[in-house]
Amino acid sequence: MSEVKVKIKELLNKINRPGITDLIEFLEKSDYFTAPASTKFHGAYKGGLAEHSYKVYEILKKKVEFHKLDVSEETLTIVTILHDICKINFYKEDYRNAKNAKGEWEKVPYYTIEDTIPYGHGEKSVMMLTEYIKLTNEEKYAIRWHMGFSEPKEVYGTLGQAFKKYPLALLLHEADMETTYFYNI
C-alpha cells in the first residue's frame, strides 16, 4: 500500500459520521487511489488523484491555521481528501501512436475522459458524497465552489457570495490551485 493511501485512510478512519465506513469501502473498490488527477494538466499519472488530494489537505491545514478559522479536522479532511471524488471512474487509459526518441512510431498510453455522470464538477462531488455521509453547509459550499474562477463568468457573483459566507471555500480553492501549479500534482 502506498504511503499516501495509508495517510488518507488514517484521516478518513478518524471521521465519526454514519456512512463513512461505506464511503471508505467505495473508495477502496473504485480507482480513487490509482486514478490520475487530470489527463495532462497536473497529476496526470497513476495515483495522481490521491496524491493531489493529500497535498491539498496539507496546504489547506496550514491556511486554516494561519487565518485562525474554526474548522474541525473532520471538515478539513472531507473537503480536501474528497473534493475531487467526482473523478472516480472518470479517466480511462487509452493508447495512441507517438514517435519515440529514435523517431520510431510506438503505442503510448494516455488518459482520456469517460464521463458517465455528467453533473458538473464540484456539484457532482457533493452529490456523490451525500450518498454516503451527511455534509455540513460549509463542506457543501467549499466542495461545490473549489474550482473558483475557472467556473463560468456568469456565476462569479454567486461564487463571490459563497466565498464571503464560507471563507473555507476560498481557502480550499487556493489550496487546490497551489497544489496544481506549485507542485504539479
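Colleague: Before we start, what does "partly exposed" mean here?

Modeller: Buried means under 20% relative accessible area, exposed means over 50%, and partly exposed is in between. This is a predicted model, by the way.

Colleague: Thanks! So is N184 buried, exposed or partly exposed?

Modeller: N184 counts as partly exposed, because its relative accessibility is 47%. You'll find N184 in the segment after helix 8.

Colleague: What about the phi of N184?

Modeller: Phi is positive there, about 55°, although N184 is not a glycine. Most residues other than glycine have a negative phi.

Colleague: Where else should I look for a positive phi?

Modeller: Try K68, where phi is near 55°. K68 sits in the loop between helix 3 and helix 4, and K68 is exposed, with a relative accessible area of 73%.

Colleague: Okay, new topic: is helix 4 largely enclosed or open?

Modeller: Helix 4 covers residues 73–81, and 7 of its 9 residues are buried, so helix 4 is largely enclosed by the rest of the structure. Among the buried ones are L76, I78 and V79.

Colleague: And what covers those buried residues of helix 4?

Modeller: The cover includes helix 1, helix 3, helix 6 and helix 8.

Colleague: Helix 8 again! How does helix 7 cross helix 8?

Modeller: Their axes come within 4 Å and cross at roughly 110°. Helix 7 and helix 8 are therefore roughly perpendicular to each other. Residues making the contact include F163 of helix 7 and L170 of helix 8.

Colleague: Last one: which residues make the nonpolar surface patch?

Modeller: Y181, F182 and Y183 make that patch, about 440 Å² in area. Y181 lies in helix 8 and is exposed, at 64% relative accessible area.

Technical notes
Residues are numbered from 1 along each chain as its sequence is written. This is a predicted model: local features need pLDDT of at least 70, side-chain atom pairs count only at pLDDT 80 or more; totals for chains, interfaces and linings use all residues. Side-chain values use heavy atoms; hydrogens and water are left out. Patches are made of residues with over 30% relative accessible area and no salt bridge: like charges are joined within 9 Å, nonpolar side chains (Val, Leu, Ile, Met, Phe, Trp, Tyr) within 5 Å. Accessible areas come from the Shrake-Rupley method with a 1.4 Å probe; for residues, only the protein chains shown count as cover. A salt bridge is a side-chain nitrogen of Lys or Arg within 4 Å of a carboxyl oxygen of Asp or Glu. Helices (H or I, at least four residues) and strands (E, at least two) are DSSP runs, numbered from the N terminus. Buried means under 20% relative accessible area, exposed over 50%, partly exposed in between (1.4 Å probe, protein chains only). Axes are lines fitted to C-alpha atoms, for helices over the stretch in contact, and angles run from 0 to 180 degrees between N-to-C directions. Angles under 35 degrees count as roughly parallel, over 145 as roughly antiparallel, 65 to 115 as roughly perpendicular and the rest as oblique. Contact means heavy atoms within 4.5 Å.
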